[in-house]
Amino acid sequence: MYTIIGAGIGGLTTALIFEKLNIDYQLFEKAKKPNALGAGIWLAPNALQVLEFAGVIDTVFRAGNSIDRITLSNQKLKPLADSSQLPAKEKYGFSTLAIHRAKLQLALIESIPKEKIYWNKAFKSLEQANNSVTVIFQDGSTTKSQYLIGADGIDSKVRSQVFPNSQIRYSGQTCWRGVMKSALPIEYKDRGIEMWGKGIRFGLSQLSKNETSWFAVKKSKAFQKDDKTNLKAKLGSYFKAFHPLVHQLISNTEIEDILRNDITDLKPIKDWHKDNVCLIGDAAHATTPNMGQGGAQSIEDAYHLGKIISENPNKNNFKAFQKKRFKRVNSIVRQSWFTGKIANMNTGYPIRNAIFSAIPKKLINKNMYSVYDLKD
Ligand SMILES: Cc1cc2nc3c(=O)[nH]c(=O)nc-3n(C[C@H](O)[C@H](O)[C@H](O)COP(=O)(O)OP(=O)(O)OC[C@H]3O[C@@H](n4cnc5c(N)ncnc54)[C@H](O)[C@@H]3O)c2cc1C
């Protein structure tokens, strides 16, 4: 039996894959119930292929919006790189999907037997023995199983107990995310757009018939708080040189639908597993969101872990799982960190833009496909 801690994107997908492959599991989440927090995320074709395997692709698609063209542009929306996603659709069956995180999680929860998810169960600590792990929850209750999977996100308590020296890194950038409760003008409906300016950037995509998601990234000290009364005016002034669409989105978003998070990641750790405990998703390898791959990589973890376990059900497969995933994931973490630095450059940004607009499409597509490929 596998105990999974955390019903986020990675933990829920693991439950679905285990369900499909007949691997015995139980899932524990600290939240009292499924909640509707968060903003939009993009699910790249690598994640969508796994969700198809897990049998939830139709439900997920119904809740989101397909992105058929991804544009990286300057602040006035002049393209630096423009990629049609249709060749990816032909190759992998899917282009990218934009979806509200809460709707994604609900779509996954819907397909997991109710009795296998325990809500309001916050992991407190664990005790490892030769052939078992005992979890102690905040409410004092315990559960014992042969294996434990820590899918409890970037601030993982499982990780801090098993690998106490792991470090979260602040990127020096903060991110506001908003969801406007209306659609984009029709010409932008199927597009994902990211505009790069001088030291700041702004991205957007429609999530559904009546929701559009955006993000705004700026250098900042860590842990700053906003005065909500003037936040929209402040964002408007940071982005004053940007295309009018940016201002339309900021001013038409309700203040309570704007969230702020500092952008962090986990400094890559040497091991994701120790004996019968293994970390997956952000708990193992949180990445900055610059490549839109953090959630996708936790979904891929679920897929590969499930496949490896089902091929060798009677042994501990955590070492083989890490071997399968380590190089690819760490390369994404590195690329994403570097992309963030380039995207928010303060000086030299005209040169950056000139270089980006000169990169051959073939090279951009090659890099994109190497991320979209599940590497089965
Ligand atoms: C601004 C931003 C934008 C992003 N955009 C994208 C994107 O476009 N595409 C993409 O693929 N990824 C994106 N990501 C990354 C993505 O959100 C994460 O990589 C993904 O959520 C990781 O999934 P996870 O299951 O590992 O962790 P999480 O989704 O964080 O889930 C962890 C779960 O564990 C639970 N938990 C925590 N502690 C405990 C405990 N002690 N006991 C029990 N349960 C616990 C939490 O409540 C939560 O439900 C973005 C991230 C950010 C910050």
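Helices, at least four residues long, and strands, at least two, are DSSP runs numbered from the N terminus. With that in hand, here are two exercises on this predicted model.

**Exercise 1. Place Gln-293 in the chain, decide whether Gln-293 is buried or exposed, and find what Gln-293 touches.**

Step 1: Start with the neighbouring helices. Gln-293 lies in the loop that links α9 (282-285) with α10 (294-311).

Step 2: Next, check accessibility. A residue is buried when its relative accessible area is under 20%. Gln-293 has 2% relative accessibility, so it counts as buried.

Step 3: Now look for contacts, leaving aside residues up to four places away in sequence. Gln-293 touches Ala-44, Asn-46, Thr-287, Ile-332 and Val-371. With one of these, Asn-46, Gln-293 makes a polar contact from side chain to side chain, at 2.9 Å.

Step 4: Finally, try a distance. Ser-156 is 137 residues from Gln-293 along the chain, and their C-alpha atoms are 19 Å apart.

**Exercise 2. Work out the strand order of the sheet that holds β9, β10 and β11, and say which strands stand at its edges.**

Step 1: Read off the order. This open sheet has three strands, arranged β9-β10-β11, with antiparallel pairing.

Step 2: Find the edges. β9 (123-129) and β11 (142-145) each have a single partner strand, so one side of each lacks a neighbour in the sheet.

Step 3: Add the twist. From one strand to the next, the twist averages 20°.

Step 4: Zoom in on one pair. β10 (residues 132-137) and β11 run antiparallel and are joined by four bridges. Ile-136, for example, has Thr-142 in β11 as its bridge partner.

Key:
Residues are numbered from 1 along each chain as its sequence is written. This is a predicted model: local features need pLDDT of at least 70, side-chain atom pairs count only at pLDDT 80 or more; totals for chains, interfaces and linings use all residues. Side-chain values use heavy atoms; hydrogens and water are left out. Two strands pair if DSSP finds at least two bridges between them. Axes are lines fitted to C-alpha atoms, for helices over the stretch in contact, and angles run from 0 to 180 degrees between N-to-C directions. Buried means under 20% relative accessible area, exposed over 50%, partly exposed in between (1.4 Å probe, protein chains only). Contact means heavy atoms within 4.5 Å. A polar contact is a pair of N or O atoms within 3.5 Å; within protein, one must be able to donate a hydrogen and the other to accept it, and residues adjacent in sequence count only if both atoms are side-chain atoms.
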